[in-house]
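Let's take a walk through this one together. Have the viewer open and follow along as we go.

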Amino acid sequence: MRSVLSALAAGLLLGSSAHAEPSATNGHVLFVKVGCYQCHGYQGQGGAGPRIAPDPLPFDGLAAFVRTTSGEMPPYTTTILSDNDLADIYAYLQSIPRPPALADVPLLKQ
Ligand code: HEC
């Protein structure tokens, strides 16, 4: 009985921590899976859509836009993309490094 209870408790702990921290790795997978990359590029560098990384908009603004846009970009409702998944995508966008400074590119050194 005791081992059943501790197994249950462990399960609950694992279950509740599964989405405590947004995952940039999962966000990268989702970014490709739900098609953001098709318009914004694999690194969010821009393409048909504008550049959205590095330095993404603040999360609230980005989330509001993604949920309600009615322009060229299709809106992503919570049915297609859950809040947790959007948080993961945001973590991915935040994880994209800035490009090197010009002075750090050997070919361009003067
Ligand atoms: C079919 C092409 C397309 C897809 C797919 C798409 N976008 Fe966009 N996105 C656009 C275009 C075009 C704009 C700019 C148009 C506008 O401002 O109405 C835009 C704008 C944005 C902006 C606002 C940028 C700014 O600085 O104002 C964000 C943030 C964004 N997209 C995130 C996403 C995310 C996250 C996904 C995937 C969940 C996604 N987009 C999927 C085409 C797309």
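Helices (H or I, at least four residues) and strands (E, at least two) are DSSP runs, numbered from the N terminus. One thing to keep in mind is that this is a predicted model, where local features need pLDDT of at least 70, side-chain atom pairs count only at pLDDT 80 or more, and totals for chains, interfaces and linings use all residues. Residues are numbered from 1 along each chain as its sequence is written, and side-chain values use heavy atoms, with hydrogens and water left out.

Start with the overall layout. The protein has 5 helices and 0 strands, so to speak α-α-α-α-α when you read along the sequence. Of its 110 residues, 25% are buried, where buried means under 20% relative accessible area, exposed means over 50%, and partly exposed lies in between (1.4 Å probe, protein chains only). Now take the contacts, meaning heavy atoms within 4.5 Å. Among those between residues at least 6 apart in sequence, 56% join residues at least 24 apart.

Next, the ligand. The space it takes is the largest pocket. The pocket search runs on a 1 Å grid over the protein atoms alone: a cavity is a set of points where a 1.4 Å probe fits but cannot get out, while a pocket is an open set with protein on both sides within 12 Å along at least five of seven lines, and lining residues have an atom within 4 Å of a point. A molecule sits in a cavity or pocket if more than half of its atoms lie within 2 Å of its grid points.

Who is around the ligand? There are 16 residues, and Cys36, Cys39, His40, Phe65 and Met73 come nearest; a residue is near a molecule or strand if one of its heavy atoms lies within 4 Å of it. Helix 3 (36-40) and helix 4 (59-68) each supply at least two residues of this shell. Sorted by class, the shell has 12 nonpolar, 3 polar and 1 charged residues. In that scheme Ala, Val, Leu, Ile, Met, Phe, Trp, Tyr, Cys and Pro count as nonpolar, Asp, Glu, Lys and Arg as charged, and the others, Gly among them, as polar.

Zoom in on His40, which is found in helix 3. A polar side-chain atom of His40 lies 2.8 Å from a nitrogen atom of the ligand. A polar contact is a pair of N or O atoms within 3.5 Å; within protein, one must be able to donate a hydrogen and the other to accept it, and residues adjacent in sequence count only if both atoms are side-chain atoms. Is His40 buried or exposed? With a relative accessible area of 10%, His40 counts as buried. Beyond its neighbours within four places in sequence, His40 is in contact with Phe31, Gln45, Gly46, Gly47, Gly49, Pro50, Ile52 and Met73.

Met73 turns up again with Thr69, in the loop between helix 4 and helix 5 (83-95). A polar atom of the Thr69 side chain lies 3.4 Å from the backbone oxygen of Met73. Thr69 is buried at 8% relative accessibility, and leaving aside neighbours within four places in sequence, it is in contact with Pro74 and Pro75.

Now for two backbone details in the loop between helix 3 and helix 4, where you'll find Pro54 and Asp55. Most residues other than glycine have a negative phi, and most peptide bonds are trans. Here, the peptide bond from Ala53 to Pro54 is cis, with omega near 0 degrees. Asp55, although not a glycine, has a positive phi of about 60 degrees.

Finally, look at some long-range pairings. Tyr92, in helix 5, is buried, with a relative accessible area of 5%. Tyr92 and His28 are 64 residues apart in sequence, yet 5.6 Å apart in space, C-alpha to C-alpha. Not counting residues up to four places away in sequence, Tyr92 touches Ala24, Gly27, His28, Phe31, Tyr42 and Gln43. Thr25, in helix 2 (residues 24-33), is exposed at 63%; its C-alpha is 7.8 Å from that of Asp88, 63 residues apart in sequence.

Val34 sits in the loop between helix 2 and helix 3 and is buried at 19% relative accessibility. Val34 touches Tyr76, Leu81 and Ile89, not counting residues up to four places away in sequence.
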